[in-house]
Amino acid sequence: MQVTGGKSALSRPRQNHLDLARRILDLARERGMGPGAHLPEQFLATQCNVSRTPVRAALKLLTEQGLVEHAADQGYRLASGVSLAGGLAEPLPDPEEAELAARIIRDRAARRLDETVTVGEVMRRYDADRRTVLKALGTLAEDGLVARAPGQSWVFANLPDSLESQSDSLDFRLILEPAALTTPGFALDRDRAAALRRAMVALLAEPDDRLDGTRFGQLDLEFHMLIARGASNRYLSEALAAHHRLRGLPGAVVRSNVVRLRQAMLEHLQILDQLESDQLAVAADLLRVHLRLSRSQRPRAANRGVPPLAIRPAPREG
Amino acid sequence: MTIGPTIALFPEASFGAALNCVGIARALKARGARPVFICHAGFSGVFAEYGFQEYHLPLADAPVPETYWQDFISRHQPHFNLDPADQIETYVAPTWDAIVETAEQAEAPLFALLQRLKPDAVVLDNVVMFPAIVRAGCPWVRVISCAETELPDMNVPPYLSGLPADDPARWRAFIDCYNAAVGPVHGRYNRFRSRHGLPPLAEGRFLEPSPWHNLLLAPSVLRHDRQRRLDPARFTFLEGCVRQEAPFDVPEFAAGEGPLVYVSFGSLGALDTDLIKRMIAVFATFPARFLVNVGAFRDAYRAVPDNVILDQWFPQPSVVAKADLFIHHGGNNSFCEALYSAVPSLIMPYCWDGHDNARRAVETGTGLWLHRANWTAEELKAAMRAALDDRGMHGRLAENARLMVPESGVELAAERILAVAQGGSEGDVIPGSVPEFG
């Protein structure tokens, strides 16, 4: 989907720049960087598997937030007084349009908004001015979540929030994620992997009645993003990362029971074992198994006296 | 390594029975047994997702149209609006036809499977007996996860009638009508039993109590005062079989505040999107927050109010524990979960034992009964207000939960099943001999 609108794209933080800024903060935290630590653009570009241009944009965003300082002769450094202690993903304050974009997509996922909306409708619903609404819709358009339709209308893309689209998502990942591991050149971010392992082990230590499904969702995305970022092929990496961002949207979460959550986390750890031992082919095989087991096989409906019938998307071989 | 006894659980293909058995199976596993599930191929995946081995009975050969469930709901929707007595001809008898047909089709593959599995015990949570289970030669335990009315008694209203406990004068007419309507299929079923060496069952009965042990999912607050006391050596009442799920974080609503209402009519009820849309229109004008289980049909809804959140699946026991009111169809599992968490029920039954549970909720002051379709917006709001504001009901529910929660039904069920699997003797309950009305 093309970015539409043709407006001042440079004046607003794009979602991928926000994501990259968070990754830079994570990286700094994992490396134990303190205030004043140097943030070389090339180093960050290599670590994040992107070119220097988006790294610069992300650093500029962090500078605007006061988390990073820039000096012409010294480049970027972590700002003094910045504490990076905390979880895996330090929340970054979202600007007004990013917050509005999040509310729009949340309300679409909740079916409060129809598939097609007009700018006027959005302005009235959120009591926002036209400029902010257009910026928010533009942000969503960049991630392929909405496209401009004739007139003042915008049409939402299909969100991965139905059984059918979630099944398609798993098929897509079955094709690409193992390939990310087996294509020569996969580079595991070992610091991030170690941090993830600690977080997953901590989650598994919780008893069933405290096993936080939301936390599971965050760690699941982090784990699969780790694989996406490690891929040597940039298009493969970008396709997977974009898809995981979609999976992170409200409504796209596949809810599972506590047993499956726990089992899925154990499968993640087994894959991590193989990744850290450089057994990439074995890791890819385990990943296929993990994705197949993650597909919901529950029937859509059942009732006493009705011949039990499997009316659901048929699993396809990946 | 010692491998514990293999327990083959065979719940009927409905989520209530299935999840009830999942709770029991987890307790069996924790005690070292090897629980496995037998299920129809069309009902697969539910148990595997909880980490259990599944063995599938084959599907019927006929191809299944994609529109099967929509056709089903279109055909039966008018019947669900009828009184229980009027459902006998339109829904209950055809359903028994389907149940018996499924049992006949399952017999040969089930027998073959049990011969291979050689379980130490079979746990049957169903409404019909499969001769293969008796023929397997191992002990079997019956779980009655429907309402207590499924096990007849002179003091218990007829099964599926929704009739009051204190008005037995009306029971006879229902039973006569019921027996007349299901007579042909009952005859067919008894002939099926006879072909496989089982004695016939009394009029209207399709499943006998187990001579080893029987578990009834009937919390004490709901129990009837039976004329004939059930022998505790052969019958155990459970205070519910509520399974453990991950905690549920109440999501942020776009707007609205007030009590939290959880709405779920089961997977069958989710098919009736028109009814749920009518309800959502009322919810929009009611000062509460609503979580609505819409199954796989979220795309059927638009302009969802800010105080309503739809989802395709909820970890129900954890959601009910956070709710102030549970609107459901009277499924026994749902009703028990509401009681376990001391949450009032507003029951809008479709069919089967939902009517019995709705009646019992009113009789015991643990919930309210509203016709599933014949209501105005004001009547629905009044029913919700009444259930939310009834301090007396809340007190009864809290008192009951204090008794119910420590009496873990799943643990007790696992204990009884293992006792049977590990050498419990067959008792002297003769099939079909439990005293019953009429």
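Two strands count as paired if DSSP finds at least two bridges between them, and that criterion is met at the opening stop of this tour through a predicted model. Select residues 325–328 and 345–347 of chain B: these are strands β11 and β12, which run parallel and are joined by three bridges. Within that pairing, H328(B) has I347(B) of β12(B) as its bridge partner.

**The parallel sheet of chain B**

Now widen the selection to the whole sheet, which is open, has six strands with parallel pairing, and follows the order β10-β9-β8-β11-β12-β13 in chain B. Its edges are formed by β10 (308–311) and β13 (367–369) of chain B, each of which pairs on one side only. With direction ignored, neighbouring strands of this sheet are turned against each other by 15° on average.

Add residues 377–389 of chain B, and helix α11 appears, lying across β8 (260–264), β11, β12 and β13 of chain B and running at about 165° to β13(B).

**Chain B as a whole**

Zoom out to the full chain, whose secondary structure comes to 13 helices and 13 strands. The C-alpha trace of chain B spans about 60 × 55 × 50 Å along its principal axes. A compact globule of 438 residues would have a radius of gyration near 22 Å, and the 21 Å of chain B agrees with this. Buried residues account for 52% of the 438 residues in chain B, and among its contacts between residues at least 6 apart in sequence, 68% join residues at least 24 apart.

**Helix packing around α7 of chain A**

Move to chain A and select helix α7 (residues 163–182) together with helix α9 (residues 213–230), which pack at an angle of about 55° with their axes 8 Å apart. The two helices, α7(A) and α9(A), are therefore oblique to each other, and α7(A) passes α9(A) in a left-handed crossing. To display the contact, show E177(A), A180(A) and L181(A) from α7(A) against H224(A), I227(A), A228(A) and G230(A) from α9(A).

Keep α7(A) selected and exchange its partner for helix α10 (residues 234–247) of chain A: the axes of α7(A) and α10(A) come within 10 Å and cross at roughly 140°. Angles over 145 degrees would count as roughly antiparallel, whereas α7(A) is oblique to α10(A). Here too the crossing of α7(A) past α10(A) is left-handed. On the α7(A) side the contact is made by S169(A), F172(A), L176(A), E177(A), A179(A) and A180(A), and on the α10(A) side by L236(A), A239(A), L240(A), H243(A) and R247(A).

**A buried leucine**

Next, centre the view on L291(A), which is found in helix α12 (residues 280–293) of chain A. L291(A) counts as buried because it has 21 C-beta neighbours inside 10 Å, where 20 or more are required. Leaving aside residues up to four places away in sequence, L291(A) touches L170(A), R173(A), L174(A) and E177(A). A C-alpha distance drawn from L291(A) to P178(A) reads 9.9 Å, although these residues are 113 residues apart along the chain.

**The antiparallel sheet of chain A**

For the final stop, select the open sheet of three strands in chain A, ordered β3-β5-β4 with antiparallel pairing. The edge strands β3 (116–118) and β4 (146–148) of chain A each have a single partner strand, so one side of each is left without a neighbour in the sheet. The twist from one strand to the next averages 30°. Three bridges join β3(A) to the antiparallel strand β5 (residues 153–156) of chain A, and V117(A) has W154(A) of β5(A) as its bridge partner.

Notes:
Residues are numbered from 1 along each chain as its sequence is written. Chains are lettered from A and ligands numbered from 1 in the order in which they are written. This is a predicted model: local features need pLDDT of at least 70, side-chain atom pairs count only at pLDDT 80 or more; totals for chains, interfaces and linings use all residues. Helices (H or I, at least four residues) and strands (E, at least two) are DSSP runs, numbered from the N terminus. Axes are lines fitted to C-alpha atoms, for helices over the stretch in contact, and angles run from 0 to 180 degrees between N-to-C directions. Two residues are in contact if their C-beta atoms, placed from the backbone, lie within 7 Å. The radius of gyration is taken over C-alpha atoms; the globule rule is 2.2 Å times the number of residues to the power 0.38. A residue is buried if 20 or more other C-beta atoms lie within 10 Å of its own, exposed if 12 or fewer, and partly exposed in between; C-beta atoms are placed from the backbone. Angles under 35 degrees count as roughly parallel, over 145 as roughly antiparallel, 65 to 115 as roughly perpendicular and the rest as oblique. A crossing is left-handed if the near helix is turned anticlockwise from the far one by less than a right angle, and right-handed if clockwise.
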